[in-house]
Amino acid sequence: QVQLVESGGGLVQAGGSLRLSCAASGRTFSNYAMGWFRQAPGKEREFVAAISTSGSSRSYADSVKGRFTISRDNARKTEYLQMSSLKPEDTAVYYCAAGRSLAWGRNFTPTRRADFGSWGQGTQVTVSS
């Protein structure tokens with residue numbers, strides 16, 4: 001297991017930007033594919049983005065493609081989500097997550113909630129119109 005702590009959430013106007021960070025501790029961070037999910041009030045937790053252990057492969061939900069960028073710094077044991085052109089519908093609690101398996105290839109990006117075994121506590125992002 002790896003322990004995860006998110007930061008960087010807050011209140012921003014529509015069209016603005018935020019960068020979320022996820023600091024990891026515990027097991028070797030570079031062995032884990034990483035992802036971001038979000039959950040809006042009254043809705044299911046949904047996939048946002050994922051990045052492979054190598055950092056060379058990324059996957060995004062259609063709703064955020066072209067606006068959000070996921071990245072990682074294995075030396076700092078940190079994952080990031082750069083969010084731009086934010087919309088009110090992006091308002092949610094954002095969670096970072098670590099992949100469940102260490103057997104995936106270096107370029108595999110998990111996208112299902114069941115693929116992730118460790119979760120952070122979440123950080124609130126609110127986009128005002």
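In the predicted model, Met83 contacts a set of residues that lie more than four places away in sequence, namely Gly16, Ser17, Leu18, Leu20, Arg67, Phe68, Tyr94 and Val125. Met83 also belongs to the largest nonpolar core, which comprises 32 residues. Within this core, Met83, Trp36, Leu81 and Tyr94 touch the most other members. Two or more core residues are supplied by each of strand 1 (2-7), strand 3 (18-26), strand 4 (34-39), strand 5 (46-51), strand 7 (68-73), strand 8 (78-83), strand 9 (92-99) and strand 11 (123-128).

Arg67, one of the contacts of Met83, also takes part in the ionic interactions of the model, where 6 salt bridges were counted. Asp90 and Arg67 form one of these salt bridges, with the closest N and O atoms 2.7 Å apart. This pair connects distant parts of the chain, 23 residues apart: Asp90 lies in the loop between strand 8 and strand 9, and Arg67 in the loop between strand 6 (58-60) and strand 7. Both residues of the Asp90–Arg67 pair are buried.

A further salt bridge joins Arg76 to Asp73, with a separation of 3.3 Å between the closest N and O atoms. Arg76 is classed as exposed because its relative accessible area is 62%, whereas Asp73, at 24%, is partly exposed. Through shared partners, salt bridges unite Arg38, Glu46, Arg67 and Asp90 in one network. Lys65 and Asp62 likewise form a salt bridge, their closest N and O atoms being 3.3 Å apart. Asp62 has a relative accessibility of 65% and therefore counts as exposed.

Methods: Residues are numbered from 1 along each chain as its sequence is written. This is a predicted model: local features need pLDDT of at least 70, side-chain atom pairs count only at pLDDT 80 or more; totals for chains, interfaces and linings use all residues. Side-chain values use heavy atoms; hydrogens and water are left out. A nonpolar core is a set of buried Ala, Val, Leu, Ile, Met, Phe, Trp, Tyr and Cys residues joined through side-chain atoms within 4.5 Å. Buried means under 20% relative accessible area, exposed over 50%, partly exposed in between (1.4 Å probe, protein chains only). Helices (H or I, at least four residues) and strands (E, at least two) are DSSP runs, numbered from the N terminus. Contact means heavy atoms within 4.5 Å. A salt bridge is a side-chain nitrogen of Lys or Arg within 4 Å of a carboxyl oxygen of Asp or Glu.
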